[in-house]
Amino acid sequence: MPAYLIFFAACLALVIGYITYSRFVEKAFGADKSRITPALKSADGVDYVSMPKWKLWLIQLLNIAGVGPVFGPIMGALYGPSALLWIVFGTIFAGAVHDYFAGMLSVRYNGANVPEVVGYNLGKYAKYGMNIFAVVLLLLVGVVFATAPAGLLNKLTNAEAVDLGVLTLNIDYTFWICVIFAYYFIATLLPIDKIIGKIYPLFGALLIIMAVGVTIAMLVEMPERFYAWCDFSTGHPNDLPIWPMVFITIACGALSGFHATQSPLMSRCLNNETEGRFVFYGGMVAEGFIGLVWCTVGMTFYPEAHALLDSISNGGPSNVVYESCTALLGKFGGLLAILGVIILPITSGDTAFRAARLTIADAVNLKQAQPFKRLYIAIPLFAVGIILSNVDFSIIWRYFGWSNQTLAAIMLWAAAAYLYRKGKLHWICTIPAFIIASVSISYICYEKTMGLGLSIEVSNIIGLIFSSVCLVAMLKFGKNKIEGAPEDD
């Protein structure tokens, strides 16, 4: 059997997962088309703005994508077939479920941000912690997604532009970081339909076209090389353990807590609750497809794992994007690839700062309809972001990766508690919550530079014990009514 059929089987699994499991999840939640959504009930022309679902789907995809479904799966390819399994099954049973509940619980709570959603289901102390946690994560995301494209734009307008046939402008990194932050500031303040609603659907389409184009090129140029060096005996060249590393490495391509901060942006724009399945669950399935493509590029374009590792070591995952797309699509394709990798983080960075503004506004009860009130939060927020942009990129990225999955675990526990309290099938959220909580604790115990540096065996045991305690606590206390939580039925 040709190996490329494995790729098509994985794509088919994502489609079947959307067609079948998304309906099962929607039924468990109880989406009601007749309910009045926040976009209609609380319309303010700024954040609560009704938009068609096809546009919301494309915006949601751009908001959640960032560089995660490209960089993460490329690095995850080093772990072999386990990476493909996590992307497919993680997307269907964890990531898309997470995104759906993050969005739909926000709808039920009138567009509430993730700290409020968590607080309504896990208690006020969880809410207070999440307010701090979410803002810190969003700041890290905004900074990471400013410095990465600034670096690429610096290359594009200087020496490396010669190889792509682009006019060199000799514009330095500082100029580009200022331009990106200026754009973020404007996009954060303007009503959501003025910039994000108009241009992001175009970028969303470009993102998908780029992934499809790379796939077609691999099928034409190297059909016999699909997954040539990958089998279940394949391990990471540096002998890194699959559990928990592959789950942390491939975050946005399968499951990402960052999405919980972005989904409320679109929850305020839905016309009715039944659109949530397409926008939230479907948006994550599309990201899973993009992650599958780039993981396949890593396993197919390079003849062996060490060649892929060398490419990553000599320029990061963006170097893999450049080398593969230039070879498969020519110089013009290489240029488009770099532009795509530039657009991806920028279109998530601005919404990260927007979500941070709204999270802080909700925490201090400051309405955001008036422009000057948005400035009260935006100015100090961006001042901190600019300071953080001077911190080493690799340090920020490591903390972002761990905090990203930790936030996903908390959001899934909140969704599980919601279903449990309603007497519904909570296991669709409880099982992935248990797994990713165990992974996050295991990782921080094992990681040697930012964690405790324990052995992998001890770290995994601690992770499983922690998740077990969380499960017992939810089953014992989960049916208790949370003080101050609004009724949603």
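A residue counts as buried when its relative accessible area is under 20%, as exposed when that area is over 50%, and as partly exposed in between. Keep that scale in mind for the stops below, in what is a predicted model.

**Whole chain.** Start with everything shown. The protein chain has 18 helices and zero strands. Of its 489 residues, 60% are buried. The accessible surface comes to about 18700 Å², and carbon and sulfur atoms hold 68% of that. Among contacts with a separation of 6 or more, 84% join residues that are 24 or more positions apart.

**Tyr227.** Select Tyr227, in the loop between helix H9 (196-221) and H10. Its relative accessible area is 7%, under the 20% limit, so Tyr227 is buried. Look also at its backbone: phi is about 55°, a positive value, although Tyr227 is not a glycine.

**Ala3.** From Tyr227, move to Ala3, in the segment before helix H1 (4-29). Which residues does Ala3 touch, leaving aside its neighbours within four places in sequence? They are Phe226 and Tyr227. Add Ala228 to the selection: its C-alpha atom is separated from that of Ala3 by 7.8 Å, though the two residues are 225 apart along the chain. Ala3 has 24% relative accessibility and therefore counts as partly exposed.

**H1 and H12.** Next, select H1 together with helix H12 (residues 276-300). Their axes come within 10 Å and cross at roughly 160°. That angle is over 145 degrees, so the two helices are roughly antiparallel. The crossing of H1 past H12 is right-handed. To see the contact itself, display side chains on both helices. On H1 the residues include Phe7, Leu14, Tyr18, Arg23 and Glu26. On H12 they include Arg277, Phe278, Tyr281, Phe289 and Leu292. What is the make-up of this contact of H1 with H12 in nonpolar, polar and charged residues? There are 14 nonpolar, five polar and three charged residues.

**Pro244.** Now go to helix H10 (residues 242-249), where Pro244 is placed. Show the backbone from Trp243 to Pro244: this peptide bond is cis, with omega near 10°.

**Asn110.** For the last stop, select the loop between helix H5 (81-108) and helix H6 (114-122), which holds Asn110. Phi of Asn110 is near 60°, positive in a residue other than glycine. Is Asn110 buried or partly exposed? Its relative accessibility is 28%, so Asn110 counts as partly exposed.

Note on methods. Residues are numbered from 1 along each chain as its sequence is written. This is a predicted model: local features need pLDDT of at least 70, side-chain atom pairs count only at pLDDT 80 or more; totals for chains, interfaces and linings use all residues. Side-chain values use heavy atoms; hydrogens and water are left out. Helices (H or I, at least four residues) and strands (E, at least two) are DSSP runs, numbered from the N terminus. Buried means under 20% relative accessible area, exposed over 50%, partly exposed in between (1.4 Å probe, protein chains only). Contact means heavy atoms within 4.5 Å. Axes are lines fitted to C-alpha atoms, for helices over the stretch in contact, and angles run from 0 to 180 degrees between N-to-C directions. Angles under 35 degrees count as roughly parallel, over 145 as roughly antiparallel, 65 to 115 as roughly perpendicular and the rest as oblique. A crossing is left-handed if the near helix is turned anticlockwise from the far one by less than a right angle, and right-handed if clockwise. Ala, Val, Leu, Ile, Met, Phe, Trp, Tyr, Cys and Pro count as nonpolar, Asp, Glu, Lys and Arg as charged, and the others, Gly among them, as polar. Accessible areas come from the Shrake-Rupley method with a 1.4 Å probe; for residues, only the protein chains shown count as cover.
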